[in-house]
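Let's take a walk through this one, strand by strand and then helix by helix. Have the sequence and the 3D view open side by side as you read.

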Amino acid sequence: MTADPTPAVEIRPASAVEISGVTKVFNPGGTNEVLALDNIDLNVDAGDFVTLIGPSGCGKSTLLRLVAALVDSTSGTVLVNGKTADQARLDRDYSMVFQKAGLFDWRDVSRNIELPLELMGWKAADRRRRSAEMLELVKLVDFAHHHPLELSGGMAQRVAIARAMSFKPALLLMDEPFGALDEMTREHMQNELLRIWSETETTVIFVTHSISEAVFLSTKVVVMSPRPGRIAAVIDNDLGTRDDTARDTPQFFANVSAVRRVLRAGESQ
Amino acid sequence: MGLKRLRGSLRQVIVFSLFVVLLMAGYSAYKGFGQSIDDAQTDWPVVGSILPRTDDLTMPSVFEIIAGVFAEPRGLNEAFGSIVLREAAITLREAAVGFSVGVIVGLTIAIVLSSSQLLERALVPHVIASQTIPLIAIAPIVVIWGRKNMDFLPWEWHDWMSVSLIATYLTFFPVAINGLRGLHSPSSEALELMDSYAARRGQTLWRLRLPASLPYLFSAFKIAATASVVGAIVGEISAGVTGGLGRRILLEAQRYTTGPERLYVAVLGAAALGIFVFLCISLLEYSLVRRKGTEAIL
Ligand SMILES: Nc1ncnc2c1ncn2[C@@H]1O[C@H](COP(=O)(O)OP(=O)(O)OP(=O)(O)O)[C@@H](O)[C@H]1O
Ligand SMILES: [Mg+2]
């Protein structure tokens, strides 16, 4: 008997997200018209961990929400898994995590994680099984039946991540998910996120204000500059090891300096 | 935690009872005081002219009122309290039906209006205007209309159903207004989250907007429940139906001089019914909306 020649891997389009020539104008024609994004091109490969960094108001959230099809672009195209962003939304190709965990406080932790599965019409038994699996992934097994108001900020954010990952979307969009956490919790959550990312092979687009967070987490750092929102540089970021020890390597510090230089240059323009 | 809650509600019962005692003491004190002004025929310059005098007819004593609960009215061998209880049951049925229909109507209005800003802007003023029409004006119309035009229904229309309809008129309003606020209460982030999961409108309504509305709805239900009792009583009085607390209050008012305490008992019965329905809603809320940080008012 010969071995089955077909490899046991899922075939995904090489580009998870393709943004080309995207411009976003808020309130066009009004006195409060804002050119939030100006002619953005960006490619995110499947399996990448891309961070968007830049000063406040440079359009990071807007770019993320364009990918999520929560806002429409004024011109240009956004493709997610080779489809229009809105089709990808309808197909549940991605999941979002916001700065606020946004858990529903009338549901316990486990039922919060099941929310997207309910919306997708999963059977109760399957939902239970998956939420248990997710609780293990974010290490909150003992908190399945706690209520959101009984959780710390970090725990709540882990539940939000579990909820986002529950249906195993190919793409995870995160808008400053750790922005409201203290430094210690934040580093812990970063380690956890990297672990989950490497275990699940999800593509991540991650918005942050923190240079060290961007350098520690990502395979690619996208530096943006404001007024109008543009991409100042895309920096490939390879630290070799992908765990907590990377924080103290010379490569880490070198990359932090590189990102800082580009950010400063964008500011002084 | 259970013990703490129990102790909490025990304390509430004690405070409530103390308040009742205080109320009775205050009533008795004023009665004694007002009567002494009358008896002495003194012209206390301030008190005598500002505070009304009183006598046993206008203010029967607390003991007479309590005795009135157990006394059997002439020609009947049933305690007056038990008669009031039976009347209260009639009113309760009218109020409960009126309340239920009012909740359904109010929720429907809230859901329809919340689905479109245009509808909301256009129709909310009408909903508010509906409450400026005095109940006494619409009550007879509803009754006459009910007697004449309800024969298309598969069941027979009774006058008490008209009274329920009058109660509905008072109950749908707080439910509609608070419900609308509750349905709009989810944050834009929560709504975007549902959008990002490609949730359908109905799913967002059922899994986000409605549960988020529950605290708003329950405060409306409490107002609506007591209003439904008021509506039923006013409805009975102005609609000329037989039976019910409203009818009883009217009757006892007409023969007040032969037994003032009976009117007091009937009115207190109405108050007790209002408190009773309020407590029922609070209990329901306590069992449904038992989240941490939300204490049920009981
Ligand atoms: N819904 C909207 N209506 C009008 N203007 C908007 C809207 N959303 C964003 N903007 C504008 O677009 C620009 C980019 O906003 P965006 O929220 O994307 O910035 P950001 O990089 O995420 O900032 P921050 O780091 O503070 O979160 C800002 O000038 C903002 O005022
Ligand atoms: Mg932002």
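Start in β9(A), where A:V223 is the bridge partner of A:I53. Keep in mind as you look around that this is a predicted model. That pair belongs to a parallel match between strand β3 (residues 49-53) and strand β9 (residues 220-225) of chain A, joined by 4 bridges.

Now zoom out to the sheet they sit in. Chain A has an open sheet of 6 strands here, in the order β6-β7-β8-β3-β9-β10, and the pairing is mixed. Which strands stand at the edges? Those are β6 (94-97) and β10 (230-236) of chain A; each has a single partner strand, so one side of each is left without a neighbour in the sheet. Going from one strand to the next, the twist averages 15°.

Something lies across this sheet, too. Helix α1(A) crosses β3, β7 (171-175), β8 (203-208) and β9 of chain A, and it runs at about 155° to β8(A). With angles over 145 degrees counted as roughly antiparallel, α1(A) and β8(A) fall into that class because their angle is about 155°.

The same helix takes us to ligand 1. α1(A) gives the largest share of the shell around ligand 1, 3 residues, and both β2 and α1 (60-67) of chain A supply at least two. The surrounding residues include A:G57, A:C58, A:G59, A:K60, A:S61 and A:T62, as well as A:F26, A:N27, A:V34 and A:A36. By character, the shell divides into 4 nonpolar, 6 polar and 1 charged.

Follow β2(A) away from the ligand and you come to another set of pairings. Strand β1 (residues 15-26) and strand β2 (residues 34-45) of chain A are antiparallel over 8 bridges, with A:V17 matched to A:V44 in β2(A). β1(A) also pairs with strand β4 (residues 75-80) of chain A, again antiparallel, through 5 bridges; there, A:S20 has A:T77 as its bridge partner.

Finally, hop over to chain B for a helix pair. Helix α4 (residues 80-114) and helix α10 (residues 245-254) of chain B pack with their axes 7 Å apart, at an angle of about 135°. The two helices are therefore oblique to each other. Where they meet, α4(B) brings B:V84, B:E87, B:A88 and B:T91, while α10(B) brings B:L245, B:G246 and B:R248. That contact divides into 3 nonpolar, 2 polar and 2 charged residues.

Note on methods:
Residues numbered from 1 in each chain as written. Chains lettered and ligands numbered in written order. Predicted model: local features only at pLDDT ≥ 70, side-chain atom pairs only at ≥ 80, totals over all residues. Pairing = 2+ DSSP bridges. Axes fitted to C-alpha atoms, helices over the stretch in contact; angles between N-to-C directions. Parallel < 35°, antiparallel > 145°, perpendicular 65-115°, else oblique. Contact = placed C-beta atoms within 7 Å. Nonpolar A, V, L, I, M, F, W, Y, C, P; charged D, E, K, R; others polar. Near = placed C-beta within 6 Å.
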